[in-house]
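Student: I would like to go through this structure term by term. Please set each value against its definition before you conclude anything.

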Amino acid sequence: MSINQSGWRPTSPEANTVNVPASVTGNKALMLEEALIFEIGDAKTTGVDFGEGDVAHDMLGDLTRTAPIGLPGLSEPETVRHYTRLSRQNYGIDLGFFPLGSCTMKHNPRLNEKMARLPGFSDVHPLQPVDTVQGALEVIHQLAHWLVTLTGMTSVAMSPKAGAHGELCGILAIRAALEAKGEGARKIILVPESAHGTNPATAAFAGYSVEDIPATAEGRVDTAALKARLGPDVAGVMITNPNTCGLFERDMREISDAVHAAGGYVYCDGANFNAIVGRVRPGDLGIDAMHINLHKTFSTPHGGGGPGSGPVVFSEALTPYAPLPFVENQDGQFVLVEEETAGEHHAGSFGRMVAFHGQMGMFTRALTYILSHGADGLRQVSEDAVLNANYILRSLDDTLDAPFGPSGPCMHEALFSDSGLAAGFSTIDIAKGLIDEGFHPMTMYFPLVVHGAMLVEPTETESKAALDQFIAALRSVAERAKAGDPSLKTAPHFAPRARLDETLAARKPVLVWKDPAPLAQAAE
Ligand SMILES: *Cc1c(COP(=O)(O)O)cnc(C)c1O
């Protein structure tokens, strides 16, 4: 076995053909099985040796506990091991490549974390007098400046706490602008098929009716159909660009002009801004409002590592309706412009998205990331993200169906379909096979416009060696799915659990542990 050019050792298929009995422990090499903490410890044993306490009782009165709490007793090493084993069953970006699409960037530079933990940013309170938090306000102000500059827009609301929250912020500003013009009767928002699911949800939540606009065969908005639907009942459009098929909407300027001419506003879902940052300014495309997911474009933690942050940039037309507060530099002093101090120019503000000013920790991380890259570095990030996605697309389009491959390069994510797999095989089998190869699966069955979609987003941080290994793994699994290899139907074989009933788990999760002992006794 030799290390190949990319620095990993491909194995021969025979390597796994030796039949070995299952281990008596259920452990697989150093990957250990782990039961629930209630199953490994029990309430009758204790892991610690404290004397009886006598202080708390008197103060609790009627609230004094009368029955034991029933927590499992474990010693410190047992407890530490339990949680450490559980943590090892979680796949994360610090372990390996994460091909999930529609998530955008995933790596969180350690420098960001260090800056966010500086006490002047992490130990401040939102109600502190502003002269004691000048540095924190300057961070918000500087980040706002970068966001406005990078997008070519007029202003930015920093407070929304996620992408979907930003969408709501943008749509509420559009509604306020329409109402100010006496056009509040416009009740329709047009949303293309290729939009992210949060877009129609946001429009509906804000009280609008949503109408679908079809996609063209090449995966973009059908501009003619969109233009044909414009009229005096349309409040605006919500377009994801780059869209969820990983494609750039080339007609954006033409669409914006048509929407404006018909009296509506243009909302752009900018969650995928990392694919175009430094290359395209949404302001030049006629966009009126767009959210930016700091957790997708500017490297702040995502998902369980959150919270997110979704600032919204506004055009000149919508700026008077933007929410409060925002930070202003008044002769070298950073001040918070709030309801009392907003003045006439912001009298039209639709209100607030949150009680305070937004996610300070995320602002610090995002600004750290932006300053450590600089404008030219950010442009390179988007170029590298797009290059990596196209490398995957072109390396695999001979094996997997790439529905929009013929219409040219993709942006930051490569989209494949399940067309061409053997009868009875689908995207889920490829995903499960990838787990055996040591990869978290890609995004599956999304976007809905493509049958059995597989959306792969490598991001800019992956090396060619990492991409080559992933490509080899996906190619091998795809070939097995095309050949109808039955062992793929029961994959994963090396993971602690194989095929879960995912629908049942999602619809009826069992979140409370019940002691099986009384049940067993009752049955006796
Ligand atoms: C992730 C995403 C959203 C939603 O962002 P959240 O921060 O998860 O609310 C919206 N649109 C697109 C295109 C996305 O990828």
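**Sheet, helix and ligand shell**

Tutor: Strands in the order 10-12-11 form an open sheet of three, paired antiparallel. The model is predicted, with local features needing pLDDT of at least 70 and side-chain atom pairs counting only at pLDDT 80 or more, while totals for chains, interfaces and linings use all residues. Residues are numbered from 1 along each chain as its sequence is written, and side-chain values use heavy atoms, leaving out hydrogens and water.

Student: Why do strand 10 and strand 11 stand at the edges?

Tutor: Strand 10 (414-416) and strand 11 each have a single partner strand, so one side of each lacks a neighbour in the sheet.

Student: What makes strand 11 and strand 12 a pair?

Tutor: Two strands pair if DSSP finds at least two bridges between them, strands being DSSP runs (E, at least two residues) and helices likewise (H or I, at least four), numbered from the N terminus. Strand 11 and strand 12 have two bridges, in the antiparallel sense, so the definition is met. T443 is opposite L455 of strand 12.

Student: Why is helix 13 called mostly covered?

Tutor: Buried means under 20% relative accessible area (exposed is over 50%, partly exposed in between; 1.4 Å probe, protein chains only). Eight of the 10 residues of helix 13 (427-436) are buried, among them I430, A431 and L434. The cover over these buried residues includes strand 11 (443-444), strand 12 (454-456), helix 14 (464-483) and helix 15 (502-507), where contact means heavy atoms within 4.5 Å.

Student: What follows helix 13?

Tutor: G438, with a positive phi near 90°.

Student: How do you know that H295 has a polar contact with the ligand?

Tutor: A polar contact is a pair of N or O atoms within 3.5 Å; within protein, one must be able to donate a hydrogen and the other to accept it, and residues adjacent in sequence count only if both atoms are side-chain atoms. A polar side-chain atom of H295 is 2.7 Å from a ligand oxygen atom, so the pair qualifies. For H196, a side-chain N or O atom lies 3.3 Å from a nitrogen atom of the ligand. The ligand alone exposes 380 Å², of which the protein buries 85%, with areas from the Shrake-Rupley method and a 1.4 Å probe; for residues, only the protein chains shown count as cover.

Student: Which element gives the largest share of the shell around the ligand?

Tutor: Helix 7, with three residues.
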